[in-house]
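I opened the model to follow a few buried side chains and the parts around them. My notes run in the order I looked things up.

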Amino acid sequence: MYKKESGVSPVIAVMLMLVVTIIIAAVVSGFAGSLANANSAKAPSLNLDVKISNSGSYMGSGFSAAVTGVSEPIRTKDLKLITQWKTTSGVSGGNTSIGGTNNFDCYVGMGTNAEYTTSVAPYGFGQGVNSSYTQNPTKPYTVYGQQFGNYTLIPGTTMSAVPAPYNSGVAIGGNAGATSGYGIDAASAFTYTSGTNYADTYTDATQAVLGNKWNELRAGDTVSVSVVHIPSGKAIFSKSVVVTEGSV
């Protein structure tokens, strides 16, 4: 008489299937997590001392942001600078400056060499800026190393955008002999005068950063300033800046 041999218990079979399923799920989850981590860039930290002024003239007016701290050097070609504002009189504006993307036409040079050329504001000064770097030698008046997108933010770097219509460099100051532009004399305070050196929607760095009609801003108005790190998609700086009448 043969003894009947019992098979593997159904309960054990189910448990084995569950264990296998859990292991496969864990492997898939870990793989997906590693992909997500690989595709998400770490956002650096950034501290800025931002000043915005409107004196009614090209002298003393504009935007400046001094870097007071970073977790690591930050390439401006990886950044977007966003401004938004609304005056107490109801006028609103703002603009987005993307590193390496032209945001205004700049009138540079003197005499027969004068011309309109595209540029990217705000301009960089100090540490992290190679002002000798020239991308296009056919336009010697334009210092490409100082354009937003071509310099790196580290402590000691300052970003600047002033409403000078032209100069012999990169529209970063100087207005001698100009017959057009922003607040060129007492009679044209807080206004733009059209002419040879001022003819386009964006013709100076301040308009590129703060947007058209920025000249409507007055002392006491506030401007929301934020910096977005493009690779991570995160805002690494945000502040409401009070406009002053003093020099930037």
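**Entry 1: Ser53.** I began with Ser53, which counts as buried because its relative accessibility is 1%, where the cut-off is under 20%. The model is a predicted one, so I read every value here as computed. Ser53 belongs to strand 1.

What does the side chain of Ser53 reach with its polar atom? I found two backbone oxygens. That of Thr244 lies 3.2 Å from a polar atom of the Ser53 side chain. That of Gly60 lies 3.3 Å from a polar atom of the Ser53 side chain.

I then listed the contacts of Ser53, leaving out residues up to four places away in sequence. They include Gly60, Ser61 and Gly62. They also include the run Val243, Thr244, Glu245, Gly246, Ser247 and Val248. Trp214 is on the list too. I noted Trp214 for later, as ring pairs link Trp214 with Tyr182 and Tyr192 into a cluster.

**Entry 2: the whole chain.** I stepped back for the totals. The chain has 15 strands and 2 helices. Of its 248 residues, 40% count as buried. Among contacts with a separation of 6 or more, 62% join residues 24 or more positions apart.

**Entry 3: the sheet with strand 1.** Which strands form the open sheet, and in what order? I read 4 strands, ordered 1-2-10-8, with antiparallel pairing. Strand 1 and strand 8 (123-126) are the edges, each pairing on one side only. On average, neighbouring strands in this sheet are turned by 25 degrees against each other, direction ignored.

I checked the pairings of strand 10. Strand 2 is joined to strand 10 by 4 bridges, and the two run antiparallel. Within this sheet I looked up Ala65, which stands opposite Met159 of strand 10. Strand 8 also pairs with strand 10 in the antiparallel sense, over 4 bridges. There, Gly126 has Thr157 in strand 10 as its bridge partner. Strand 10 is mostly covered, with 4 of its 5 residues buried.

**Entry 4: the nonpolar core.** Which members of the largest nonpolar core touch the most other members? Among its 38 residues, they are Leu46, Leu48, Val50, Ile52, Phe63, Leu210 and Val225. I then looked up where the core residues come from. At least two come from each of strand 1 (46-53), strand 2 (62-70), strand 4 (79-86), strand 6 (104-108), strand 10 (157-161), helix 2 (205-210), strand 14 (222-229) and strand 15 (234-242). Nonpolar side chains tend to be buried together in soluble globular proteins.

I took Leu48 as an example. Beyond four places in sequence, Leu48 touches Ala65, Ala66, Val67 and Thr68. Its other contacts of this kind are Met159, Val227 and Phe237.

**Entry 5: Ser226.** Is this serine buried or exposed? Ser226 is buried, because its relative accessible area is 15% and the limit is 20%. Ser226 sits in strand 14. Setting aside residues up to four places away, I found it in contact with Lys80, Leu81, Ile82, Phe237 and Ser238. Phe237 also appears among the contacts of Leu48.

**Entry 6: the aromatic rings.** I counted 4 aromatic pairs. In one of them, Tyr182 and Tyr192 have ring centres 4.9 Å apart and planes at 45 degrees, so I noted the pair as tilted. The pair links distant parts of the chain: Tyr182 is in strand 12 (residues 181-182) and Tyr192 in strand 13 (residues 192-193), 10 residues apart. Both Tyr182 and Tyr192 are buried. Trp214 completes the cluster that ring pairs make of Tyr182 and Tyr192.

**Entry 7: Asp204.** From Tyr182 I moved to Asp204. The two are 22 residues apart in sequence, and their C-alpha atoms are 9.2 Å apart. Asp204 is in the loop between strand 13 and helix 2. Its relative accessible area is 1%, so Asp204 is buried.

Which backbone atoms does the side chain of Asp204 meet? The backbone nitrogen of Gln207 lies 2.9 Å from one of its polar atoms. For the backbone nitrogen of Thr206 I read 3.1 Å to a polar atom of that side chain.

Last, the contacts of Asp204 outside four places in sequence. They are Phe104, Asp105, Val162, Pro163, Ala164 and Tyr192. Tyr192 is thus a ring partner of Tyr182 and a contact of Asp204.

Definitions and conventions: Residues numbered from 1 in each chain as written. Predicted model: local features only at pLDDT ≥ 70, side-chain atom pairs only at ≥ 80, totals over all residues. Heavy atoms only, no water. Core = buried A, V, L, I, M, F, W, Y, C linked by side-chain atoms within 4.5 Å. Buried < 20%, exposed > 50% of the residue type's maximum accessible area, 1.4 Å probe, protein only. Contact = heavy atoms within 4.5 Å. Pairing = 2+ DSSP bridges. Axes fitted to C-alpha atoms, helices over the stretch in contact; angles between N-to-C directions. Phe/Tyr/Trp six-rings, centres within 6.5 Å; stacked < 30°, edge-to-face > 60°. Polar contact = N/O pair within 3.5 Å; in protein donor to acceptor, adjacent residues only side chain to side chain.
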